[in-house]
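Biologist: I should like to go through this structure residue by residue, with the criteria stated as we go. May we begin once it is displayed?

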Amino acid sequence: MLNAGFPMTDTQLLQELEALAERLSIEVSTANLEGTPGGLCRYGGKWRVMVERRLTVPERVEVFLKALSRMPLEDMFVVPEVRERIEEMAKGERRKAKG
């Protein structure tokens, strides 16, 4: 059980996000991405999250939150704190898009 009553650490959040990506059959790759943090893409008919290998844990969390905020999660159990963070990211991304 995750720290009941306490917020998750960034490391715990990253582990939950990685596990969620796996449940969604999203492949995760780390690579030297030459200045971009990474993100979600579709390659060879499969979803993939590309992550810059030199990112810190909080930066990796942000990449996963952005990527997973684009996926349909309505019918899937997601740890409440993780779902909340993904939904917050989705709202922020929509605001940016409206500009």
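Biologist: Does V78 count as buried or exposed?
Modeller: V78 is placed in the loop between α2 and α3, where helices (H or I, at least four residues) and strands (E, at least two) are DSSP runs numbered from the N terminus. Buried means under 20% relative accessible area, exposed over 50%, and partly exposed in between, with a 1.4 Å probe and protein chains only. Because its relative accessibility is 5%, V78 counts as buried.

Biologist: What kind of model is this?
Modeller: Residues are numbered from 1 along each chain as its sequence is written, and side-chain values use heavy atoms, with hydrogens and water left out. Local features need pLDDT of at least 70, side-chain atom pairs count only at pLDDT 80 or more, and totals for chains, interfaces and linings use all residues, since this is a predicted model.

Biologist: How far apart in space are V78 and L20, C-alpha to C-alpha?
Modeller: V78 is the buried loop residue, at 5% relative accessibility. V78 and L20 stand 58 residues apart in sequence. In space, their C-alpha atoms are separated by 7.6 Å.

Biologist: What separation do the C-alpha atoms of I86 and A31 show?
Modeller: I86 belongs to helix α3 and counts as buried, because its relative accessibility is 4%. Along the chain, I86 and A31 are 55 residues apart. The distance between their C-alpha atoms is 24 Å.

Biologist: R60 has no salt bridge; which side chain of opposite charge is nearest?
Modeller: A salt bridge requires a side-chain nitrogen of Lys or Arg within 4 Å of a carboxyl oxygen of Asp or Glu. R60, in helix α2, is buried and does not form one. The nearest side chain of opposite charge is 5.4 Å away, and it belongs to E18.

Biologist: Which residue's backbone oxygen does the side chain of R60 reach at 2.9 Å?
Modeller: A polar contact is a pair of N or O atoms within 3.5 Å; within protein, one must be able to donate a hydrogen and the other to accept it, and residues adjacent in sequence count only if both atoms are side-chain atoms. A polar atom of the R60 side chain lies 3.3 Å from the backbone oxygen of L55. At 2.9 Å, the R60 side chain reaches the backbone oxygen of R53.

Biologist: With which residue does R48 form a salt bridge?
Modeller: The count of salt bridges comes to 4. In one of them, the closest N and O atoms are 2.8 Å apart, and the partner of R48 is E27. This pair links distant parts of the chain, 21 residues apart, with R48 in strand β3 (residues 46-52) and E27 in strand β1. R48 also shares a salt-bridge network with K46 and this same partner, E27.

Biologist: Does E52 count as buried or exposed?
Modeller: E52 forms a salt bridge with R54, the closest N and O atoms being 2.9 Å apart. R54 counts as exposed because its relative accessibility is 56%. At 4% relative accessibility, E52 counts as buried.

Biologist: How many residues apart are E62 and K66 in helix α2?
Modeller: E62 and K66 form a salt bridge, with 3.3 Å between the closest N and O atoms. E62 is partly exposed at 39% relative accessibility, and K66 is partly exposed at 30%. Their spacing is about one turn of the helix, namely 4 residues.

Biologist: What is the value of phi for E34, a residue other than glycine?
Modeller: E34 sits in the loop between β1 and β2 (38-43) and is exposed at 69% relative accessibility. S25, in the loop between α1 (10-23) and β1 (27-31), has a positive phi near 60°. For E34, phi is positive as well, near 55°.

Biologist: Which residues form the positive surface patch?
Modeller: Patches are made of residues with over 30% relative accessible area and no salt bridge, like charges being joined within 9 Å and nonpolar side chains (Val, Leu, Ile, Met, Phe, Trp, Tyr) within 5 Å. A negative patch comprises E74, D75, E84, E87 and E88; of these, D75 is exposed at 83% relative accessibility. In helix α3 lies R95, exposed at 59%. The positive patch, to which R95 belongs, is formed by K91, R94, R95 and K98.

How values were computed
Areas by Shrake-Rupley, 256 points an atom, 1.4 Å probe, with all protein chains shown as cover. Lys, Arg positive; Asp, Glu negative; His and termini not counted. Charge placed at Lys NZ, Arg CZ, Asp CG, Glu CD.
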